[in-house]
Amino acid sequence: MAFDYDKWIRPGKLPHIWCPGCGHGIVMKGLIRAMETLKLKKEETAVVSGIGCASRLPGYIDCCTLHTAHGRAAAFATGVKMAKPEMNVILVGGDGDGTAIGGNHFIHACRRNIDMTYIIMNNYIYGMTGGQFSPCTPTGHKASTTPYGNPDPGFDIAKLAIGAGATFVARGTAFHANQIDKLIVEAIQHKGFSVVEILDDCPTTYGRRNKYKSVIEMMNRLKEVAVPVKAAEKMTAEQLQGKVLTGVLYKEESKPEYTAEYAKVIERAKAAK
Amino acid sequence: MSRYELRFSGSGGQGLITAGIIMAKAASIYEGKQAVQSQSYGPEARGGSSKSEVIISDGPIDYPKATMVDALLAMTQEACDKYTHDLKEGGILLVDSDLVTKLPTTGNYRIISFPIINTAKTDVGREIVANIVALGAMVALTGQVSRENAEKAVLSSVPEAFIELNRKAFSIGYERALAASA
Amino acid sequence: MSKKVAFLQGNEAAAHGALYAGCDFFGGYPITPSTEVAEVMSIELPKIGGKFIQMEDEIGAMAAILGASLAGAKVLTSTSGPGLSLKQELIGYGCIAEIPCVIYNVMRGGPSTGMPTGPSQSDVMCAKWGTHGDHPAICLTPASVQETYEEVIRAFNLSEKYRTPVMVMPDEIVAHMRERIVFPEQGEIEVVPRKSPTVPPEQYKPYDTSFGDVPPLASFGSGYKFHVTGLNKMQDGFPTTKADIVQAEEERQVRKVDANVDDIVTFEEYLLEDADVVVVAYGSTSRSARYAVNIAREQGVKAGMFRIKTFWPFPDKQIKALASKVKGIVIPEMNLGMCSLELERCAQGKVPVLGIFRVDGEPINPDQILEKIKEVK
């Protein structure tokens, strides 16, 4: 039997705003499958986003949804989670939203290890504003504001998250659609701050400036660069040149989770009263 | 109007804001008068100039800052130089005699000086309570709050472990000021 | 039983006022001269099971309280000028998404870092014009420690009643001076609860105007599911660019305050009945003004004071009435002329508006005001 996505889609809110060939819809379907797998309660689940194409995702999902300001998803979500720790809080957004204007909130959410899951759709570009370069645009690539090639080095979102203290970090791609929900399921189940980076594509503002002839070519690139972590163990540095690791990159169980730690603060304060 | 203005001045870290707060608390909580305490301070937690002002009155206090100061405590030379300008004719000027060596040459003030910090160090045993020695002295000199009420305010403002130390500091300050002004 | 009294700073009183009002979430970032609020909240909130979080920056603090408010908490943040500037985008978010919250902003010298420990009243315009776009604005300017306590409670009430951010803006003098405060008993001051939905979840719309200009607000995690956005939205919370809906919604948001000015605006009239000169003042400056007015009276000058307690919405009606009664208006303020512009607007040229403007970190003293009172002929 085919999977029933409609159960999680808000009636009347489709079609979505994404361009043909954009991978955000693939990620949304992965998220929906994950939510269904975990049997999340809609009323007990908040999906929070910032601004950008990817950040329009919450509007389509039938649960508690919060479309905040540019870069602020993690900070709004922290407020929601602290006020109602029993809720499942899932953040979605793009690379510019999450690592540039929202970079500070992102690293501090990682540091606190607050029990939320952040799905970052990394399409290397600011799509909604017309294709300006983001902190994840590869050096030398073209964007509407790097007409001579991007002089900036890019972020590795996964490394950033690990360095900042996130306790579950995974990476997938929009091509490997069947892996997305599995990574998200594991991320949501993890007690602590979990980050799932999904390498994505933007044919409209990134692909056409960087000589990708079609969406298929962009998707094929995702297929080619992705190397599962297990497979990578058997590969040489030379073979790994230009490749990107996918799967669960990092997992740590011992670091205390933030809302649980704050519950202890409450206990100590009440005892001291 | 019965408005009475006190200023506690010196350098940051000497505890003068605390001294001002306790004086105001004594007046407003224990003495049944009205009091407002305010302060100005620089970016330094230690050092820099520091001033704490207390207005005491029988009725409501509108302007919370000093207009003409009735009693001034100066714990550094800089504070003495800087804050004497609006001390009333005949007003009280209490200084630490070790630190304030140049007294104002103009103005007709009732100047009382004794080595406040050194008294705390040698007679009380801890330099850190110099502000309470100074407070005891200011209470004795100004007569705005009773000795008993001031002591209550002191004891309700310090951690339990330091109650005896502060009681002693307050008492010695009070007595030294009376002796110095006699 | 005698009431509990204490000798507190304005900032400490603000925190206790928030707790009285039922505040159970504080998000903040350290900034002089407001940090005492955060410090008291960090001690008191966990004792009652509330949440205190120090965020990574001012914007994060504002975001956290908005998120927590949507999850049903009564929320407070405290800040000062530079922090207020940083929070402004999200204050606008709170206005358009109609999320109750209280922003306590201590006014210090500016612009930029300015004079962090010096008093000022130069943020009052930021309370109305700081965030972009048209939006309702409520801003209270207390003048004493007791009033700071009470006005913070009122701010929470207004915020819930009108479902909009409310600012409380003491100047640094009020925030840091200490006075005796008498705590009200439980129930003595009204605490307004959030208007929760009465319809079942499947019928709920977060901006349902069939319930009036202030629609009920459900909480995340309470059985209701709905969408919130900072985009112009329809009654169901989803974005729209339909001209008639956007126009109607923006007008409704502003009307929540505009149509209820008499419920929101508070002020004090002092010796105004026969006054020839009125000193209009707010915050700590009003204390100097009262002192000056008393001296003027002793000297035979018929002076009075109109004390602004609610700065926004501005007491237009009252000032207009005064302007046709008196010979002149004196406005002392610790900025280079902000309230004076509003007074000139209301006075419509009928009487002169004489300003005393100080931005040197020193309070405006009664003598300065007295001198200006005497200039009115």
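The axis of a helix is here a line fitted to its C-alpha atoms over the stretch in contact, and angles between axes run from 0 to 180 degrees between N-to-C directions. With that in hand, this predicted model offers a helix pair to begin with. In chain C, helix α11 (residues 316-323) and helix α12 (residues 339-347) have axes that come within 8 Å and cross at roughly 65 degrees. The crossing of α11(C) and α12(C) is right-handed.

A look at the side chains' owners fills in this picture. From α11(C), the residues C:Asp316, C:Ile319, C:Lys320 and C:Ala323 meet C:Leu343, C:Cys346 and C:Ala347 of α12(C). Sorted by character, the residues of this contact comprise five nonpolar and two charged, with no polar ones.

The next topic is the meeting of two chains. Here, 33 residues of chain A are in contact with 36 residues of chain C. On the chain A side, the elements that each give two or more residues are β2 (64-67), α2 (73-83), α4 (103-112) and α11 (258-272). Of these, α2(A) provides the largest share, eight residues. The side of chain A that touches chain C divides into 16 nonpolar, nine polar and eight charged residues.

Strand pairing also links the two chains. Strand β2(A) is joined by three bridges to strand β9 (residues 227-229) of chain C, and the two strands run parallel. Within this pairing, which residue of β9(C) stands opposite A:His67? The partner is C:Thr229. Thus β2(A) appears both among the elements on the side of chain A that touches chain C and in the bridges to β9(C).

Terms used:
Residues numbered from 1 in each chain as written. Chains lettered and ligands numbered in written order. Predicted model: local features only at pLDDT ≥ 70, side-chain atom pairs only at ≥ 80, totals over all residues. Contact = placed C-beta atoms within 7 Å. Helix = DSSP H or I, 4+ residues; strand = E, 2+ residues; numbered from the N terminus. Nonpolar A, V, L, I, M, F, W, Y, C, P; charged D, E, K, R; others polar. Pairing = 2+ DSSP bridges. Left-handed = near helix turned anticlockwise from the far one by under 90°.
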